[in-house]
Amino acid sequence: MPSPDNQAEAFASLTDYEAMYGTVPASDRQTITAQLQRASRIVRDELAYAGIDVYAERAAGKIRADTLTDVVCDMVNYSA
């Protein structure tokens, strides 16, 4: 299980999202940030359900941090 300190960690930031998909209008920045946090939580929960500690696997190099960022950004972009 992930440690409680990591529970709120977003795997992607607004800066990451904008690097992939372009500038987010000021009126949408708060919404996109919240969606990135939600998508990160979904990834974290789904991996935990499968018995995978995303933090341990990332630290061991088995899950790449940039892949987590890509997946979370893609999830938010596809949901738009």
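## Arg-29 and its partner

Arg-29 comes out as partly exposed, because its relative accessibility is 32%. This residue sits in helix 2, and everything said here refers to a predicted model. Setting aside neighbours within four places in sequence, Arg-29 is in contact with Leu-14, Glu-18 and Val-24. If you're wondering how far Arg-29 is from Val-72, the C-alpha atoms are 16 Å apart in space, with the two positions 43 residues apart in sequence.

One of those contacts is also a salt bridge: the side chains of Glu-18 and Arg-29 meet at 2.6 Å, N to O. Glu-18 belongs to helix 1 and Arg-29 to helix 2, so this pair ties together parts that are 11 residues apart in sequence.

## Helix 1 and its two faces

Helix 1 covers residues 14-21, and its buried residues are Leu-14, Tyr-17 and Glu-18. Looking down the axis of helix 1, these buried residues fall within an arc of 95 degrees, so they line one face of the helix. Notice that Glu-18, the salt-bridge partner of Arg-29, is on that buried list. Leu-14 is on the list as well, and Leu-14 is another residue that Arg-29 touches.

What covers the buried residues of helix 1? The cover includes helix 2 (29-49) and helix 4. Flip to the face turned away from the buried side and you'll find the exposed residues Thr-15 and Ala-19. Just after helix 1 comes Gly-22, which takes a positive phi of about 100 degrees.

## Helix 4

Helix 4 runs over residues 65-79. Does its length fit or clash with what you'd expect for a helix? At 1.5 Å a residue, the 15 residues of helix 4 should span 21 Å, and the end C-alpha atoms are 22 Å apart, which agrees.

The buried residues here are Leu-68, Thr-69, Val-72, Cys-73 and Val-76. They cover an arc of only 125 degrees around the axis, which puts them on the same side of helix 4. Their cover includes helix 1, helix 2 and helix 3 (54-59), so helix 1 and helix 4 show up in each other's lists of covering elements.

## A nonpolar patch on the surface

Tyr-78 is also part of helix 4, but this residue counts as exposed, because its relative accessible area is 64% and the cut-off is over 50%. Together with Met-20 and Tyr-21, Tyr-78 forms a nonpolar patch on the surface, with about 330 Å² of accessible area between the three.

## Two buried residues outside the helices

Phe-11 lies in the segment before helix 1. Is Phe-11 buried or exposed? With a relative accessibility of 5%, Phe-11 counts as buried. Leaving out neighbours within four places in sequence, its contacts are Asp-16, Ser-40, Val-43, Arg-44, Val-54, Tyr-55, Arg-58, Leu-68, Thr-69 and Val-72. Among these, Leu-68, Thr-69 and Val-72 belong to the buried set of helix 4. Ser-27 is another matter: 16 residues along the chain from Phe-11, with 22 Å separating the two C-alpha atoms.

Ile-63 is in the loop between helix 3 and helix 4. Its relative accessibility is 19%, so Ile-63 counts as buried, since the cut-off is under 20%. Not counting residues up to four places away in sequence, Ile-63 touches Leu-47, Ile-52, Val-54, Glu-57, Arg-58 and Leu-68. Val-54, Arg-58 and Leu-68 turn up among the contacts of Phe-11 too.

## The other salt bridges

How many salt bridges does the structure hold? There are 3. Besides the Glu-18 and Arg-29 pair, the side chains of Arg-58 and Glu-9 meet at 2.9 Å, N to O. That pair links distant parts of the chain, with Arg-58 in helix 3 and Glu-9 in the segment before helix 1, 49 residues apart. Both ends are partly exposed: Arg-58 is at 26% relative accessibility and Glu-9 has a relative accessible area of 25%.

Arg-64 and Asp-66 make up another salt bridge, at 2.5 Å, N to O. In this pair Arg-64 is exposed, with a relative accessible area of 52%, whereas Asp-66 is partly exposed at 36%.

Key. Residues numbered from 1 in each chain as written. Predicted model: local features only at pLDDT ≥ 70, side-chain atom pairs only at ≥ 80, totals over all residues. Heavy atoms only, no water. Patch = residues over 30% accessible without salt bridge, like charges linked within 9 Å, V, L, I, M, F, W, Y side chains within 5 Å. Areas by Shrake-Rupley, 256 points an atom, 1.4 Å probe, with all protein chains shown as cover. Salt bridge = Lys/Arg side-chain N within 4 Å of Asp/Glu carboxyl O. Helix = DSSP H or I, 4+ residues; strand = E, 2+ residues; numbered from the N terminus. Buried < 20%, exposed > 50% of the residue type's maximum accessible area, 1.4 Å probe, protein only. Arc of directions from axis to C-beta. Contact = heavy atoms within 4.5 Å. Expected span 1.5 Å × (residues − 1).
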